[in-house]
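Welcome! Open your viewer, get your selection tool ready, and follow along one stop at a time.

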Amino acid sequence: MQNDSSAAATMTPGKGLLVLGAIVVVIGSFLALTHALAIHNVWAAFLFLLYWAGIEHASFEKLLPCIVGAALGLLMGFLLKMLPVWLGDPGGIVFLVAVLVLVYFQVMGWVVTAVNMVTMLYLTVTTIPSIQSGVDFVDAAVALAVGIVFFTTLVWVGTAWQKRRQPAV
């Protein structure tokens with residue numbers, strides 16, 4: 001586990017509790033929104049948030065690859081479920097070939113806007129048997145889209161507000 005000592009040095013316990021409270025409000029608001037919209041597979045949105053905010057530090061420069069990678073990874077999970085239904089046993093082989101192509105593209109660094117670590121994260125999660133057996137991929141895609149809009153808007157507004165609060169130099 002890696003600690004960011006500079007963040008830890010500037011974060012007092014009181015500030016930490018305020019941040020925790022803000023996180024609870026944001027997550028609670030998102031869950032209330034998805035509940036009101038009858039969206040159930042919110043994990044797809046939280047996986048996006050984890051990667052974009054946690055790994056990419058909510059960088060808007062990294063947003064497009066995160067969105068495209070998440071969508072492609074989610075699509076691959078859907079194809080794992082549906083190709084055998086549509087094509088029978090050859091559907092599984094078609095899926096494995098598609099995975100090999102994606103992994104090769106990842107290794108080669110090709111089409112990085114679409115084939116990236118977010119793609120691989122979603123591919124890994126969506127191929128978990130318990131997810132495959134119980135997920136509604138349309139609902140997960142809607143959750144992902146709503147999460148992208150909700151969380152990126154929140155970060156954008158927060159960033160703009162923070163810039164306005166800073167004194168002019």
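## Stop 1: two helices side by side

Keep in mind that this is a predicted model. Begin by selecting L72, M76, L79, L80, L83, P84 and L87 in helix α4, then add D89, P90, G91, G92, V94, F95, A98, V99 and L102 in helix α5: these two sets of residues are in contact. Colour your selection by class, and the contact of α4 with α5 shows 13 nonpolar, two polar and one charged residues.

Now show the whole helices, residues 63-87 for α4 and residues 89-108 for α5. How are two packed helices described? By the angle between their axes and the distance between the axes. Here the angle is about 155°, and the axes of α4 and α5 are 6 Å apart. Angles over 145 degrees count as roughly antiparallel, so α4 is roughly antiparallel to α5. Turn the view until one helix is in front of the other: the crossing of α4 and α5 is right-handed.

## Stop 2: a threonine in another helix

Next, select T152, which sits in helix α8, residues 137-165. Is T152 buried or exposed? Its relative accessibility is 11%, and the cut-off for buried is under 20%, so T152 counts as buried.

What does T152 touch, leaving out residues up to four places away in sequence? Show F48, W52, F60, L63 and G147 to see these contacts. Pick out L63: L63 and T152 are 89 residues apart in sequence, yet their C-alpha atoms are 8.6 Å apart in space.

For the last view, zoom in on the side chain of T152, where a polar atom lies 2.4 Å from the backbone oxygen of I148.

Technical notes. Residues numbered from 1 in each chain as written. Predicted model: local features only at pLDDT ≥ 70, side-chain atom pairs only at ≥ 80, totals over all residues. Heavy atoms only, no water. Axes fitted to C-alpha atoms, helices over the stretch in contact; angles between N-to-C directions. Helix = DSSP H or I, 4+ residues; strand = E, 2+ residues; numbered from the N terminus. Parallel < 35°, antiparallel > 145°, perpendicular 65-115°, else oblique. Left-handed = near helix turned anticlockwise from the far one by under 90°. Contact = heavy atoms within 4.5 Å. Nonpolar A, V, L, I, M, F, W, Y, C, P; charged D, E, K, R; others polar. Buried < 20%, exposed > 50% of the residue type's maximum accessible area, 1.4 Å probe, protein only. Polar contact = N/O pair within 3.5 Å; in protein donor to acceptor, adjacent residues only side chain to side chain.
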